[in-house]
Amino acid sequence: MKITSMPASNPIIHAPEAMWGSLLRERALSAAIEYDHSAILGWFRDHSSFYSDRIGSRQVWEQVRPLEKSDVAEVPVSVDDSIREARTSGTSGFQVSIRNNLRERRFRRALLYRPQLFYDLPAEVHQVVFVDGNWCAEAGMAPKLFEYGGVRYRTWFAGVAADVGQIHSLLRSLRPQLIRGISSGIVRFIDQADDSLRNLGVRYLAPGGEFLQPEWRKTMHDAFGATVLDCYGSTESGAIAWQCPLCRRYHANVDEIVLEADADGLLVTPLFVSSQPLLRYRLGDIVSFDAGSADCEIRLPTITIQQARRDDWVIGHDGRRVSPLSFQFEQIPHLDAWRLHQNHDGSLCLYFESVHPDIVAKELGRQLADAVPNQPFEVHEGIWRLGRGGKFKRVSSDLT
Ligand SMILES: [Zn+2]
């Protein structure tokens with residue numbers, strides 16, 4: 001299909017919300033997508049002087065300079081009371097603020113749930129989502145409700161740093177068919193749960209938010225005896241690609257996001273965002289489009305994620321590998337964010353943000369010394385002091 005102009009007249013976000021599921025399903029099953037690049041450039045040119053200056057008289061898409069993270073703050077944002085801000089967790093040294101209005105945020109959710117349109121799920125689904133934080137719902141609490149693609153989702157949330165017993169009891173009571181959320185948090189729960197999870201009735205695990213390492217995939221599959229289907233996306237663009245329940249490759253949402261597998265990192269142009277539109281935004285992961293189309297009824301092209309943001313392991317004084325999951329600093333009161341880096345010589349540097357830095361620094365130092373004994377370390381206030389990293393990357397290492 002041909003998208004003749006963008007985002008202002010993009011058909012799906014402008015269709016009634018109740019139709020989004022069936023339209024996204026239909027379009028995933030239909031033929032190849034073709035963009036009208038010059039119409040898209042025209043739309044951006046008309047959007048603001050920021051973009052008309054950037055694009056100038058260029059007609060060739062590839063000649064328009066990619067938008068870097070440092071440029072995003074300059075993109076004009078439309079005036080709309082429903083706009084909310086989300087911050088990325090800080091790839092390449094600094095965070096980026098992304099703004100979407102209410103309709104765009106709802107559409108992002110529709111895109112995020114697109115893979116479930118092809119799962120084998122009952123009409124009413126219990127799902128538990130692992131999120132950042134140390135709070136965990138109880139089974140008696142009212143779930144968040146969402147109807148989509150003929151399925152009614154009842155959702156409860158579990159913080160990845162919450163008490164393991166409490167998460168386990170939530171799962172036992174709810175018997176969720178679907179578990180979603182932060183990959184490392186699900187793995188941490190599995191590692192610490194001392195009981196079998198196979199009899200909980202979980203059919204699918206759809207982790208996201210982090211690069212799904214093969215060993216994590218296996219851990220999840222073995223623990224729950226469920227199908228593991230990864231999701232790949234970013235705060236900036238929303239859901240980019242999803243592992244298919246039919247062919248197991250990653251279908252890309254190219255009908256909603258122009259994706260360019262640039263050698264210097266993936267470029268994204270979300271077509272459904274008009275409040276703070278991003279043209280050729282450099283996300284930075286290295287991905288490639290697969291040669292040929294998948295043998296699958298879903299016609300969206302497939303990609304392979306070659307190199308994505310991921311945590312490294314830290315090496316202990318005794319040469320032992322210490323998993324990123326060993327660091328559960330989220331439970332420290334008043335800690336807002338942290339990043340751990342290991343230098344070439346093995347020494348560690350822990351960066352953090354807090355409104356009570358003195359108390360927090362002391363506790364961080366104590367826990368770090370416990371987790372990696374005898375390794376020299378420093379604790380520094382200010383994550384910005386570490387000029388590198390990955391999107392969800394909290395642990396990085398220069399020691400090989
Ligand atoms: Zn497929």
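This passage walks through the domains, a sheet with its helices, and a run of paired strands.

The model is predicted, so local features are taken at pLDDT of at least 70 and side-chain atom pairs at pLDDT 80 or more, while totals for chains, interfaces and linings use all residues. Residue numbers start from 1 along each chain, following the sequence as written.

The protein chain splits into domain 1 (2–111 + 234–307), domain 2 (120–228) and domain 3 (314–397), with bounds that come from an automatic or database domain assignment. Between the C-alpha centres of domain 2 and domain 3 there is a distance of 27 Å. Nine residues of domain 2 are in contact with six of domain 3, contact being counted when C-beta atoms, placed from the backbone, lie within 7 Å. On the domain 2 side, the touching residues sort into two nonpolar, four polar and three charged. In that sorting, Ala, Val, Leu, Ile, Met, Phe, Trp, Tyr, Cys and Pro are nonpolar, Asp, Glu, Lys and Arg are charged, and the others, Gly among them, are polar.

Next comes an open sheet of six strands, ordered β6-β7-β5-β8-β9-β10 and mixed in its pairing. At its edges stand β6 (144–148) and β10, each with a single partner strand, so each has one side without a neighbour in the sheet. Helices (H or I, at least four residues) and strands (E, at least two) are DSSP runs numbered from the N terminus, and two strands pair if DSSP finds at least two bridges between them. β6 runs antiparallel to β7 (residues 151–159), with five bridges joining them; E147 has R152 of β7 as its bridge partner.

Several helices go with these strands. Helix α7 lies across β5 (124–131), β8 (178–182) and β9, at about 115° to β8. That angle is between N-to-C directions, on a scale from 0 to 180 degrees, with axes fitted as lines to C-alpha atoms, for helices over the stretch in contact.

In α6 (residues 164–174), I167, L170 and L171 are buried. Their directions span an arc of 95° seen down the axis, so they line one face of the helix; the arc is taken over the directions from the helix axis to the C-beta atoms. A residue is called buried if 20 or more other C-beta atoms lie within 10 Å of its own, exposed if 12 or fewer, and partly exposed in between, again with C-beta atoms placed from the backbone. The buried residues of α6 pack against β5, β7 and α7. Right after α6, R175 has a positive phi of about 45°.

Helix α8 (residues 214–224) buries W216, M220, A223 and F224. These cover an arc of only 80° around the axis, which puts them on the same side of α8. Their packing partners are α7 (183–192), β9 (204–208) and β10 (227–228). The face turned away carries the exposed P214, E215 and K218. Just past α8, G225 takes a positive phi of about 60°.

Finally, there is strand β12 (residues 238–243). Six of its six residues are buried, so the rest of the structure largely encloses β12. It pairs with β11 (residues 231–234) in the antiparallel sense over four bridges, and Y232 is matched with A241. Three residues form the hairpin link from β11 to β12. β12 is also antiparallel to β13 (residues 250–252), through three bridges, with Q243 standing opposite Y250. That second hairpin has six residues between its strands, and R248 in the turn shows a positive phi of about 70°.

Technical notes
Two residues are in contact if their C-beta atoms, placed from the backbone, lie within 7 Å.
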